[in-house]
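Let's work through a protein model together, one question at a time. Keep the picture open while you read.

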Amino acid sequence: MELSNLIGALTGTVFFVLAILVFIFRLLRNPNVEKWLGIFELLLAVPLIWMLINAAAEKRPLLYYIQVTFVLLWLLVVLLLDYILHFDFRQTRWMVILFVVLFFAASGGLVGIASNAGQGWSIIAIILFFITAFLAFLQRKLTGK
């Protein structure tokens, strides 16, 4: 279980760092870098799927399954809307609201997942979560995306 906890903490940390960088490059109006950072973020599905597969053997609580599933669901939505369908949903308010709610459910779940690895990882995840949240709303206000 220690390995899963560490992988979860690292996955959460990488997720937040990549999200922060995506928002920064969106603010800098550099969609090419933003796109590649998003692709790296999508690759986080690999450790998350591994964590989900191992969850039963580790007798994880239901909340853990929910947390990992929300992150995977958010990644799937991003993959479908941004990378496969190229659907510009960010101009439709109700779609943006649903997307943001799912993003923060996934992000909050990652804080919980990282917390399984100990207090230090929990503090790192919480700090990165708040930076991510701030930048998410700032870039939305300034860019409309």
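Buried here means under 20% relative accessible area, while partly exposed runs from there up to 50%. Keep in mind that this is a predicted model.

Q: R90 forms a salt bridge with D82; is R90 buried or exposed?
A: The closest N and O atoms of R90 and D82 are 2.9 Å apart. R90 has 13% relative accessibility, and the cut-off is under 20%, so R90 falls on the low side. That makes R90 buried.

Q: What does D82, the partner of R90, count as?
A: Use the same kind of check on D82, whose relative accessibility is 22%. Buried needs under 20% and exposed needs over 50%, so D82 fits neither label. D82 therefore counts as partly exposed.

Q: Which residue does R26 meet in a salt bridge?
A: Side chains of opposite charge can pair when their charged atoms come close. For R26, the N to O distance in its salt bridge is 2.7 Å. R26 is buried at 10% relative accessibility, and its partner is buried at 15%. That partner is E34.

Q: Over the face of which ring does R60 lie?
A: R60 has two contacts to look at. Its side chain meets E58 in a salt bridge at 2.9 Å, N to O, and both E58 and R60 are buried. R60 also sits 4.3 Å from a ring centre, and that ring belongs to Y64.

Q: Which helices do the buried residues of α4 pack against?
A: Helix α4 covers residues 62–84 and reaches 31 Å, close to the 33 Å expected. Its buried residues include Y64, W74 and V78. They pack against α1, α2, α3 and α5.

Q: How many aromatic pairs does the structure hold, and what kind of pair do W74 and F99 make?
A: The structure holds 12 aromatic pairs. In one of them, the ring centres of W74 and F99 are 5.8 Å apart, with the planes at 40°. Stacked needs under 30 degrees and edge-to-face needs over 60, so this pair is tilted.

Q: Where do W74 and F99 lie?
A: The pair links distant parts of the chain, 25 residues apart. W74 is buried at 5% relative accessible area, and F99 is buried at 14%. W74 is in helix α4 and F99 is in helix α5.

Q: What kind of pair do F104 and F129 make?
A: Their ring centres are 5.9 Å apart. Their planes meet at 80°, which is over 60, so the pair is edge-to-face.

Technical notes:
Residues numbered from 1 in each chain as written. Predicted model: local features only at pLDDT ≥ 70, side-chain atom pairs only at ≥ 80, totals over all residues. Heavy atoms only, no water. Helix = DSSP H or I, 4+ residues; strand = E, 2+ residues; numbered from the N terminus. Expected span 1.5 Å × (residues − 1). Buried < 20%, exposed > 50% of the residue type's maximum accessible area, 1.4 Å probe, protein only. Contact = heavy atoms within 4.5 Å. Salt bridge = Lys/Arg side-chain N within 4 Å of Asp/Glu carboxyl O. Phe/Tyr/Trp six-rings, centres within 6.5 Å; stacked < 30°, edge-to-face > 60°. Lys NZ or Arg CZ within 6 Å of the ring centre and 35° of its normal.
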